[in-house]
Every structure is written in C-alpha cells, then in structure tokens.
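This report is an introduction for a reader who has not met the structure before. It begins with the chain as a whole and then turns to its helices and some of their residues.

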Amino acid sequence: MADRTEPGYCGCMPNIGTGEIVLLLLLALLLFGAKRLPEIGRSLGSGMKEFKDSVTGNSKPDTPELTPPTSVETTTTTSPREHETV
C-alpha cells in the first residue's frame with residue numbers, strides 16, 4: 001500500500017504573526033479583564049518556574065513563613081456586668 005497524505009496538507013506548522021498575537025491578547029483582555037491579567041501572568045510564571053526547577057532538580061530550601069512569637073500574653077478585660085444574669 002502506498003502512503004497517502006491528505007489533500008492540501010503541507011506537513012508544516014503555520015506561522016503566527018503579529019496580527020494573530022494582538023488578536024489573542026485582545027481576546028484574553030475581554031475574557032479576563034484588565035485587573036485579572038497581571039495576576040494570571042504572575043501565577044503562570046511562578047508555575048513555569050516551579051516546573052523548571054522540578055525538572056532540573058534545582059530547588060532552594062523552603063523559607064519558613066512568619067512564625068508567631070513564642071511568648072504571647074493575651075489579656076482580656078471583661079466588664080463586671082458581662083457575667084451577671086438578667
């Protein structure tokens with residue numbers, strides 16, 4: 001059997017030009033809004049960075065989050081009428 005290719009199929013990827021990129025950016029702006037786009041970009045960038053770090057094996061030790069102070073004194077003042085029954 002002979003290999004057949006679909007008619008009109010060139011076998012190469014089409015080029016994406018400036019017009020298509022601008023159209024995609026405008027579509028993203030309409031879908032998500034101007035306030036959400038920077039947030040989406042930051043989360044996408046951090047996700048790509050984590051993926052790259054996991055693939056290459058480069059991982060820096062996790063920095064501890066802010067820990068609460070160990071000696072915290074909580075003083076609550078209650079009014080004398082607070083515990084009276086009515």
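Accessible areas here come from the Shrake-Rupley method with a 1.4 Å probe. On that basis, the chain has an accessible surface of about 9,300 Å², and carbon and sulfur atoms account for 61% of that surface. The model is a predicted one. The chain has 86 residues, and buried residues make up 0% of them; buried means under 20% relative accessible area.

The secondary structure comprises two helices and zero strands. The table sets out the helices.

| Helix | Residues | Number of residues | Span between end C-alpha atoms | Expected span |
|---|---|---|---|---|
| α1 | 18-32 | 15 residues | 21 Å | 21 Å |
| α2 | 36-56 | 21 residues | 30 Å | 30 Å |

For α1, the span from first to last C-alpha is close to the value expected at 1.5 Å a residue. For α2, the end C-alpha atoms are 30 Å apart, and this agrees with the span that its 21 residues should have at 1.5 Å a residue.

A glycine comes after each helix. Gly-33, just after α1, takes a positive phi of about 90 degrees. Gly-57 follows α2, and its phi is also positive, near 85 degrees.

Two leucines of α1 can be described further. Leu-24 is found in this helix. Its relative accessibility is 54%, so Leu-24 counts as exposed, the cut-off for exposed being over 50%. Leu-24 is also part of a nonpolar patch on the surface, together with Leu-27, Leu-31 and Phe-32. The accessible area of these residues together is about 430 Å².

Leu-29 lies in α1 as well. Is Leu-29 buried, partly exposed or exposed? Its relative accessibility is 38%, and it therefore counts as partly exposed, a class that runs between the 20% and 50% cut-offs. With neighbours within four places in sequence left aside, Leu-29 is in contact with Ala-34 and Leu-37.

Methods. Residues are numbered from 1 along each chain as its sequence is written. This is a predicted model: local features need pLDDT of at least 70, side-chain atom pairs count only at pLDDT 80 or more; totals for chains, interfaces and linings use all residues. Side-chain values use heavy atoms; hydrogens and water are left out. Patches are made of residues with over 30% relative accessible area and no salt bridge: like charges are joined within 9 Å, nonpolar side chains (Val, Leu, Ile, Met, Phe, Trp, Tyr) within 5 Å. A salt bridge is a side-chain nitrogen of Lys or Arg within 4 Å of a carboxyl oxygen of Asp or Glu. Helices (H or I, at least four residues) and strands (E, at least two) are DSSP runs, numbered from the N terminus. Buried means under 20% relative accessible area, exposed over 50%, partly exposed in between (1.4 Å probe, protein chains only). The expected span of a helix is 1.5 Å times one less than its number of residues. Contact means heavy atoms within 4.5 Å.
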